[in-house]
Amino acid sequence: MSDTDLRTHAEDVHEQFSDTLDVTVQEVEERLDTLVNEYKVPTSEARRSVVNTYLDEAGMDRDDIGGGGNERRQVHEVDSPEEWIDLKAKVVDLWDAQSDAVAQVGLLGDETGTIKFTKWSKSDLQSLEEDAVYDLRNVVTDEYQGRYSVKLNRTTAIERLDEDIDVGDDAAEVDGALVDIQSGSGLVKRCPEEDCTRVLQNGRCSEHGEVDGEFDLRIKAVLDDGREVNEVIFDRETTEELTGITLEGAQEMAKDALDTSVVGDEIREKTLGKYYRVVGPTFGRYVLADAFEQLNEPADPEETLIKARSI
Amino acid sequence: MASTPTREVAKRVFAREFNDAVHTFKESDDDRAPVYVLFPTGQRANRVFLVGTLTETEDVGEESEYWQGRIVDPNGDTFFTYAGQYQPDAASMLRELEPPAYVAVVGKPRTYETEEGEMNVSVRPESISTVDEATRDRWLVETAERTLDRIVDFQAGTANEYVQMAREEYDLPVENYRKAAVAALESLEDEQARASADR
C-alpha cells in the first residue's frame, strides 16, 4: 500500500469528521498507517476500524456519515458515467479477469437488475465472494457503448452484510398481445407520505390510513404471446406515451365524468388486443416498462408458410 | 415467479380447429377448478385470443339482452361469441359496433349442446376491442405458427398427455388444421401481393 493511497483515505475520513472532531489528516493517516503497515490489516478493514474509532469519539452512528455524501442508487438507476455512488448489491457472478490490472470482475445485482463491476488490483480491496451481499460505498460509474458498469477503487468501503437480495433480471424483453388491463390501472392516487407512494384504495393507504392522495398515471397490463404471459407496469411517462393521455388530460376527463374510472376505460379501448414489445427491468413478477413499441409492421407469412408446407 | 397464481395463457387457434374442440375436462374435482377445452391437435385451453372480422351482431336474448357476435377468420370459418349481463363491457361493444370491423377478443371457450344434440363451441368474451388490419395479420401468422407447433408435437407422438387425450377423444385428422394454416397464410400472401401491385 503506497503512502499516497493512505493519504487519500485519510483525507476522505478526515472530511467525514471535520465538522465534529478536532483531528488532522496527519493523525488519521498515522492511525491507518499503523494498522496497514504494522499490523498488515487490509486497507478497507483499516479504514473501517479508524472510522469506527472516530464514530465512537464523536458519539455518531455509521448512518450519520453516509457514504461521504454519495447518492445511494439502485442498479437500474445507474444512468450516467463518472458518478460517485453507494450500492447495496449481491455478487451474482464472478468472471475470470483478463488482465493483471483487474483483481476481480463480474456482475452485481439488486432487485432492479444487474450491473458489471470491476475491482482494480492496485486498489488492494478485500475479495468479494459470490452470492454474498455487500454494502459498497464510493464506487464510480462508467459507461462503454451504452452499457453502464461500476468500478471499485481504493477509496471504496466494502462491508459484507448478513442478508440476501432477490436479484431482478435486468432488461427483460417481452412481447405479445395486450390481453388485459388489470384493476388499479389508469388515474390513481398515491399516498403522499415520504417513501410510501402506495396506491390508495378508496382514499385510504394501507399503511397510513386516510390521506390526501397525489394523482398519478400507471397501467398494469398483461402481454400474452400464446405461450406465456407477462405482467407489465407502465409508469406515468410510458403510460402517456402509450395512450396519448397526459396526467393533466386524465384529471380533466375524470373531472368531467365525476369518475376516475373513465381513464381506465379509455386506456382499455386504446390498447386491448394490440401487439406490443416491452423492454425493462423485472421487479417481482412485473416487467417495468422502460421502453416499448407497438408491433404494427406488416406480418410476413413466408417463413411460416415454408414450415407449414414441409410438415 | 412460481409463488404467484398463474394466469392462463390465451391460446391461438383458427376457427376450424376451435369449433372441433368439443371435449371439455377439469384437472381437479374442485367446483371452482378451471374448465378446459381440448384442441384436436393436443393442447388444452382455458382462454383464447382471436382476431377476425365481426360480420354480424344480434341480440338473441329472450328476457334480457344476450348478444351474439359472428367473427370470421381468414379462412371464412366463424367463431361464435356470446355476451350477456355478466359481460357488460363485451355486451355493450357488440351492441354498439357496426359490422364489418376487425375485432380482437380475449375470452373463455365454452361448449353447449344444441336441441339437435350437436356440441357447439363458443367464446365467452372477457374483452372485445377494435383493431386494425396489421393486428389481424400478425394474429394470423402467430396463430398459424402455434397451430403448426401443436401439429409437430402431435405427429411426434411424444408422451404429452394432451396429445394422448386428443388421440383418445377425437377421430379428426390434424392434417385439416395444417391445411387451414396454409390457406390462411396463402390468403395473406395474396392480399399483400395485390396490395403491392395496386401501389
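Visitor: Why are Ala90(B), Ala91(B), Met93(B) and Leu94(B) in helix α2 (residues 88–96) of chain B called buried?
Guide: A residue is buried if 20 or more other C-beta atoms lie within 10 Å of its own, exposed if 12 or fewer do, and partly exposed in between, the C-beta atoms being placed from the backbone. Ala90(B), Ala91(B), Met93(B) and Leu94(B) are classed as buried and therefore have 20 or more such neighbours. These four cover an arc of only 160° around the axis, the arc being that of the directions from the helix axis to the C-beta atoms, and so they lie on the same side of α2(B). On the other side, Pro88(B), Arg95(B) and Glu96(B) are exposed.
This is a predicted model, in which local features need pLDDT of at least 70 and side-chain atom pairs count only at pLDDT 80 or more, while totals for chains, interfaces and linings use all residues. Residues are numbered from 1 along each chain as its sequence is written, and chains are lettered from A and ligands numbered from 1 in the order in which they are written.

Visitor: What covers the buried residues of α2(B)?
Guide: The cover includes the strands β4 (48–59), β5 (67–72), β6 (78–83) and β8 (119–130) of chain B. Helices (H or I, at least four residues) and strands (E, at least two) are DSSP runs numbered from the N terminus. Chain B has 5 helices and 8 strands.

Visitor: How do you know that β1(B) and β2 (residues 35–39) of chain B pair?
Guide: Two strands pair if DSSP finds at least two bridges between them. Here 3 bridges join β1(B) to β2(B), so the condition is met, and the two run antiparallel. Phe25(B) stands opposite Tyr36(B) in β2(B).

Visitor: What makes β1 (24–26) and β3 (43–45) of chain B edge strands?
Guide: The open sheet has 3 strands in the order β1-β2-β3 (chain B), with antiparallel pairing. β1(B) and β3(B) each have a single partner strand, so one side of each is left without a neighbour in the sheet. The twist averages 40° from one strand to the next.
Helix α4 (residues 161–169) of chain B packs on this sheet, touching β2 and β3 of chain B, and its direction makes about 75° with that of β2(B). Such angles run from 0 to 180 degrees between N-to-C directions, with axes fitted as lines to C-alpha atoms, for helices over the stretch in contact.

Visitor: Why are the buried residues of α4(B) placed on the same side?
Guide: They are Tyr162(B), Val163(B) and Ala166(B). Their arc around the axis is only 105°, which puts them on the same side of α4(B). The face turned away from that side carries the exposed Glu161(B) and Glu168(B). The buried residues of α4(B) pack against β2, β3 and α3 (133–156) of chain B.

Visitor: How many residues of chain A are in contact with chain B, and what makes a contact?
Guide: Two residues are in contact if their C-beta atoms, placed from the backbone, lie within 7 Å. By that criterion, 26 residues of chain A are in contact with 35 residues of chain B. The largest share of the side of chain A that touches chain B, 5 residues, comes from α8(A).

Visitor: What makes a set of residues a nonpolar core, and which residues have the most contacts inside the largest one?
Guide: A nonpolar core is a set of buried Ala, Val, Leu, Ile, Met, Phe, Trp, Tyr and Cys residues joined through C-beta atoms within 7 Å. The largest has 80 residues, and Val232(A) and Ala181(B) have the most contacts inside it. Its largest share, 7 residues, comes from α3(B).
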